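Please open the model in a viewer and keep the selection panel at hand. The tour below proceeds stop by stop, naming at each what to select and what is found there.

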Amino acid sequence: MPFSIRPFPLLPVRHKANTYHAGLMFRRVLSFILITLCLSFTTFQAKARGAETNTTNCDTQTEGQWAWVDRSGKNRTHEELQNILKQHQTWFDTAKKEGKQADLSGTKLKRADLHSVNLSEANLTDSDLSYTDLTRAILNQTNLRGTNLQCARLNETYLQGADLTNVDLSRTIISSKSNFAGTILVRASLKGQILHDINFSSADLTEADLSATNLTNMAFTDVNFRDANLRGALLVHTNMSVAHLEGADLFGATYEVDTHPKTSSIAYAKNIEYMTYESDPSSLAHLRAEFKVAGFRDQERKITFALKSRQVETLWETCENAKGNCFEYFVNRYLFDLTSQYGMNPGRVLLTILTIFGVSTVLYWGLIHFSKDSGLSINVPLDHDRTNQPLWLKADLSKDGQLIRESGVETKKGYKVLPRQLHQFKNLAYCREWMRRERALLWVSFVFSLMSTFNIKFRDVDFGRWLKQLTTREYEIKAVGFARTVSGIQALLSVYFIALLLVTYFGRPFE
């Protein structure tokens with residue numbers, strides 16, 4: 001019987017089957033993920049289109065069947081509503097002696113026609129008045145807490161003293177000459193509204209959302225804006241006299257008011273440094289002057305930052321259009337904005353100085369260890385070269401010094417700082433010896449970095465000479481090779497940042 005080798009087909013067949021099933025599973029999982037993403041994207045688009053339709057098409061949805069459903073779920077008739085309104089009018093006209101106060105809380109009055117009705121002091125809490133016509137309606141001191149006023153019409157409507165706490169008015173149609181004097185709008189939303197010729201005097205807008213709201217030519221006399229959201233609001237030719245803005249968020253608000261709020265009030269508003277202006281900086285400049293007189297130094301710096309930031313934005317716009325000097329933009333942006341935010345943040349300058357100091361110290365320490373030609377040296381007088389060497393560093397100095405000439409005469413001798421060789425002690429002794437050596441090398445790097453940072457001399461003021469006099473022995477620390485370049489750069493940067501720190505902290509260089 002001839003000898004033959006029988007192949008083993010099961011192993012490759014099984015491998016192919018496993019590969020096939022793995023690939024099939026991978027394709028199914030991938031298909032499931034893609035289908036899920038497509039469905040999610042479609043749902044998101046549908047919701048976005050629905051939200052857009054609801055926001056922009058209030059006028060097209062006012063048509064429809066009027067319905068009144070009371071809080072028990074029972075359908076009511078138009079005649080019953082008219083009877084309630086008549087009873088309430090009688091109750092109001094007779095000073096609450098006859099008739100009955102209207103209580104429509106929790107009811108649904110969608111698309112109702114309440115044109116010119118008097119519902120003063122009525123109870124409309126948590127009712128649904130969406131798409132309702134409230135033109136010239138009188139709702140003085142009416143309880144409208146939590147009421148749905150989506151796409152309702154408030155045209156020349158009287159809401160004096162009404163309670164609109166937690167009411168969303170962002171999609172309400174608020175026309176001119178409506179009266180919100182003394183209205184309670186705590187935590188209400190007027191987001192994105194365009195308000196003109198509306199009386200909001202003495203209104204309470206505590207924690208209200210007025211973000212991206214156009215408040216041009218509005219009067220907010222004695223209005224409470226405490227903790228309100230005014231991010232991106234347009235305050236142009238606005239009357240803000242005696243307005244209370246403690247805790248209000250003014251991030252991105254356009255501040256070009258005609259009458260300013262109390263200085264002590266807006267001083268405690270949030271993000272005033274991020275306010276801006278369109279074309280007239282005089283309002284912000286006037287506010288800065290008021291802060292200066294009142295002694296609000298930090299707030300004064302913040303307004304300076306706001307003014308300079310807007311000016312730099314203008315420079316960038318002209319630079320992009322090739323109509324201005326881009327150099328001025330980059331100087332302002334990188335030398336004054338990023339470094340100190342135009343004097344608003346002196347702590348950032350101090351942090352920059354400390355960072356340069358720390359990085360330079362590490363560089364000097366690294367050059368001592370890893371460079372043969374660069375590093376630090378100790379220069380001592382030639383006649384007392386050994387006795388004047390610092391004891392704490394003596395073991396890490398080169399044995400042979402290099403003569404140094406000054407004015408053609410050899411007066412000093414320089415010893416390069418070198419990390420000494422460590423003996424092979426036991427582990428604990430070796431670590432202790434290594435720590436002593438590194439402590440000495442880090443200290444000499446630290447001292448030289450400190451001297452380079454304060455290498456400032458102005459007339460009789462010489463910080464470097466004063467630092468040298470702190471030592472008990474007469475020696476100098478000098479840079480060698482590339483360390484000289486590092487020291488020069490450090491000295492230049494430190495001089496600039498120290499000068500910037502002094503003028504921004506004690507002066508007003510950007511006014």
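**Confidence colouring**

Begin by colouring the chain by pLDDT. This is a predicted model, and its average pLDDT is 84, with 80% of the residues scoring at least 70. Select residues 1-20 next: the pLDDT is below 50 throughout this stretch, and the model gives the stretch zero contacts beyond near neighbours in sequence. Where pLDDT is low, the predicted coordinates should not be read in detail.

Which elements mark the two ends of the confidence scale? Helix α1 (residues 10-56) has the lowest mean pLDDT among the elements of the chain, at 51, and strand β6 (residues 254-256) has the highest, at 96. Within the helix, select residues 46-56: here pLDDT again stays under 50, and the model has five contacts beyond four places in sequence for this segment.

**The whole chain**

Switch to a cartoon view of the full chain. Ten helices and twelve strands are present. Of the 511 residues, 40% are buried. Taking contacts between residues at least 6 apart in sequence, 35% join residues at least 24 apart.

**The loop between β4 and β5**

Select Gln-193, which belongs to the loop between β4 (173-174) and β5 (234-236). Is this residue buried or exposed? Gln-193 has a relative accessible area of 8% and is buried, the cut-off being under 20%. Display its surroundings: leaving aside residues up to four places away in sequence, Gln-193 touches Leu-169, Ser-170, Arg-171, Thr-172, Ile-174, Ala-212, Thr-213 and Asn-214. For a distance label, choose Asn-214, whose C-alpha is 6.2 Å from that of Gln-193, with their positions 21 residues apart in sequence.

**Aromatic pairs**

Now show the rings of the aromatic residues. The structure holds 18 aromatic pairs. Select Phe-180 and Phe-200: their ring centres are 4.9 Å apart and their planes stand at 10 degrees, so this pair is stacked. Phe-180 and Phe-200 each lie in the loop between β4 and β5, so the pair ties together parts that are 20 residues apart in sequence. Phe-180 is buried at 1% relative accessibility, and Phe-200 is buried with a relative accessible area of 1%.

Proceed to Phe-330 and Tyr-334. Their ring centres are 5.9 Å apart and their planes lie at 10 degrees; the pair is therefore stacked, since planes under 30 degrees apart count as such. Both residues belong to helix α6 (residues 326-340), where they are four residues apart, about one turn of the helix. Phe-330 is partly exposed, with a relative accessible area of 37%, and Tyr-334 is partly exposed at 45%.

To finish with the rings, select Phe-251, Tyr-274, Phe-305, Phe-336, Tyr-342 and Phe-510 together; ring pairs link these residues into a cluster.

**The cavity**

Turn on a cavity display. How many cavities of 30 Å³ or more are there? The count is one, and the space in the largest cavity is about 80 Å³. Select its lining: Arg-297, Glu-300, Arg-301, Thr-304, Tyr-342, Gly-343, Thr-504, Gly-507, Arg-508, Pro-509, Phe-510 and Glu-511. Tyr-342 and Phe-510, members of the ring cluster, are among these lining residues.

Which element gives the most to this lining? Helix α5 (residues 297-320) does, with four residues. Colouring the lining of the largest cavity by class shows five charged, four polar and three nonpolar residues.

**Backbone and loop stops**

Select Lys-96, in the loop between α2 (78-93) and β3 (153-154). Its phi is near 70 degrees, a positive value in a residue other than glycine. Asp-126 is found in the loop between α2 and β3 as well, and Asp-126 has a positive phi of about 55 degrees although it is not a glycine. At 53% relative accessibility, Asp-126 counts as exposed, for which the cut-off is over 50%.

The last selection is Arg-473, in the loop between α9 (463-468) and β12 (476-480). Arg-473 is partly exposed, with a relative accessible area of 25%. Label its C-alpha and that of Val-380: Arg-473 and Val-380 are 93 residues apart in sequence and 9.1 Å apart in space.

Conventions: Residues are numbered from 1 along each chain as its sequence is written. This is a predicted model: local features need pLDDT of at least 70, side-chain atom pairs count only at pLDDT 80 or more; totals for chains, interfaces and linings use all residues. Side-chain values use heavy atoms; hydrogens and water are left out. pLDDT is the predictor's confidence in each residue, from 0 to 100. Contact means heavy atoms within 4.5 Å. Buried means under 20% relative accessible area, exposed over 50%, partly exposed in between (1.4 Å probe, protein chains only). On a 1 Å grid over the protein atoms alone, a cavity is a set of points where a 1.4 Å probe fits but cannot get out, and a pocket is an open set with protein on both sides within 12 Å along at least five of seven lines; lining residues have an atom within 4 Å of a point. Grid points are joined across faces, edges and corners, and a volume is the space filled by probe spheres set on the points. Ala, Val, Leu, Ile, Met, Phe, Trp, Tyr, Cys and Pro count as nonpolar, Asp, Glu, Lys and Arg as charged, and the others, Gly among them, as polar. Rings of Phe, Tyr and Trp (its six-membered ring) pair if their centres lie within 6.5 Å; planes under 30 degrees apart count as stacked, over 60 as edge-to-face and the rest as tilted.
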